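This report describes one protein model, going from the overall fold to single residues. The sequence and the structure are shown first.

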Amino acid sequence: MALAMTYTSTQKFLHWTLFALVVLLYALTYGDAFYPRGDPAVAFFWRLHISFGLLLAALVFWRVVLRGLRGAPGLPSEMPAVEQAAAKIGHFILYALLIAIPVLGILLTWFRGDTLSFFGLLTIPAPFAPDRVTSRTIRELHSLCANGILIMAGLHAMAALYHHFIRRDTVLTRMLPRNR
């Protein structure tokens, strides 16, 4: 597979949309903190979290397919080998977390015995019986991965800013909208 010279507008759209969804999903996780247990608003926040999580899963799938078909622009040739390796490892971890988080979220929903619903339009009942021990373990993994993606996204952003302001290369600008 040949590397692309630039990201397509679709790849850029997916990048920034996934970023916004990750932030929104994290916020929705804590949206119920303002309501007492059992309040209908709590269930509303979790239904939104699940629906947006399913949207995230679909967009991640689309992004991974596009990455496989289109590739990514090569890294600057003057970039040291250790930085190139770190960039590749960092991207791999980001993609792994973007895949793992929704998969774990789906499993968590089902092991809690809940129906998986996409904004009430598509509903998939749990294919197995509720299991509190398994759901607790999955919830911990889901939370760990969610915290991991925030850390990795922060490092990713810091690296992009480093390239833009210190190295003064095109690593950041090639992912910005309207930049060719």
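A residue is called buried when its relative accessible area is under 20%, exposed when it is over 50%, and partly exposed in between. The model is a predicted one. By that cut-off, 34% of the 180 residues in the protein are buried.

**Overall fold**

The protein contains four helices and two strands, and their order along the sequence is α-α-α-β-β-α. The C-alpha trace spans about 55 × 30 × 30 Å along its principal axes. Of the contacts between residues at least 6 apart in sequence, 72% connect residues at least 24 apart.

The exposed area of the protein is about 11,300 Å², with 70% of it supplied by carbon and sulfur atoms. Charged side chains number 16 positive and 8 negative, and 8 Å separates the centres of the two sets.

**Pocket and cavity**

The largest pocket holds about 900 Å³ of space. It is lined by 35 residues, and those closest to its centre are His15, His91, Leu94, His156 and Ala157. Helix H1 (9-31), H2, H3 and helix H4 (132-167) each contribute at least two residues to this lining. H4 provides the largest share, 12 residues.

The structure also has one cavity of 30 Å³ or more. The space in the largest cavity is about 30 Å³. Its lining consists of Tyr7, Gln11, Arg63, Leu66, Arg67, Tyr95 and Met175. Which helix gives the most to the lining of the largest cavity? Helix H2 (residues 40-70) does, with three residues.

**A proline within a helix**

Pro102 is located in helix H3 (residues 81-111). Is Pro102 buried or exposed? Its relative accessibility is 9%, so Pro102 counts as buried, the limit being under 20%. Leaving aside residues up to four places away in sequence, Pro102 touches Gly53, Leu56, Ala57 and Leu97. Leu55 is 47 residues from Pro102 in sequence, and the C-alpha atoms of the two are 9.2 Å apart in space.

**Two residues with positive phi**

Most residues other than glycine have a negative phi. Phe119 and Arg168 are set out below with their phi values and locations.

| Residue | Phi | Location |
|---|---|---|
| Phe119 | about 50 degrees | loop between strand E1 (116-118) and strand E2 (122-124) |
| Arg168 | near 55 degrees | segment after H4 |

Phe119 is not a glycine, yet its phi is positive. Phe119 has a relative accessible area of 37% and is therefore partly exposed. Arg168 is likewise a residue other than glycine with a positive phi. At a relative accessible area of 66%, Arg168 is exposed, because the cut-off for that class is over 50%.

**Summary**

The model combines four helices with two strands. The largest pocket, of about 900 Å³, takes the largest share of its lining from H4, while H2 gives the most to the lining of the largest cavity. Pro102 in H3 is buried at 9% relative accessibility. Phe119 sits in the loop between E1 and E2, and Arg168 lies in the segment after H4.

Technical notes: Residues are numbered from 1 along each chain as its sequence is written. This is a predicted model: local features need pLDDT of at least 70, side-chain atom pairs count only at pLDDT 80 or more; totals for chains, interfaces and linings use all residues. Side-chain values use heavy atoms; hydrogens and water are left out. Buried means under 20% relative accessible area, exposed over 50%, partly exposed in between (1.4 Å probe, protein chains only). Contact means heavy atoms within 4.5 Å. Accessible areas come from the Shrake-Rupley method with a 1.4 Å probe; for residues, only the protein chains shown count as cover. Lys and Arg count as positive and Asp and Glu as negative; His and the chain ends are not counted. The place of a charge is taken as NZ of Lys, CZ of Arg, CG of Asp or CD of Glu. On a 1 Å grid over the protein atoms alone, a cavity is a set of points where a 1.4 Å probe fits but cannot get out, and a pocket is an open set with protein on both sides within 12 Å along at least five of seven lines; lining residues have an atom within 4 Å of a point. Grid points are joined across faces, edges and corners, and a volume is the space filled by probe spheres set on the points.
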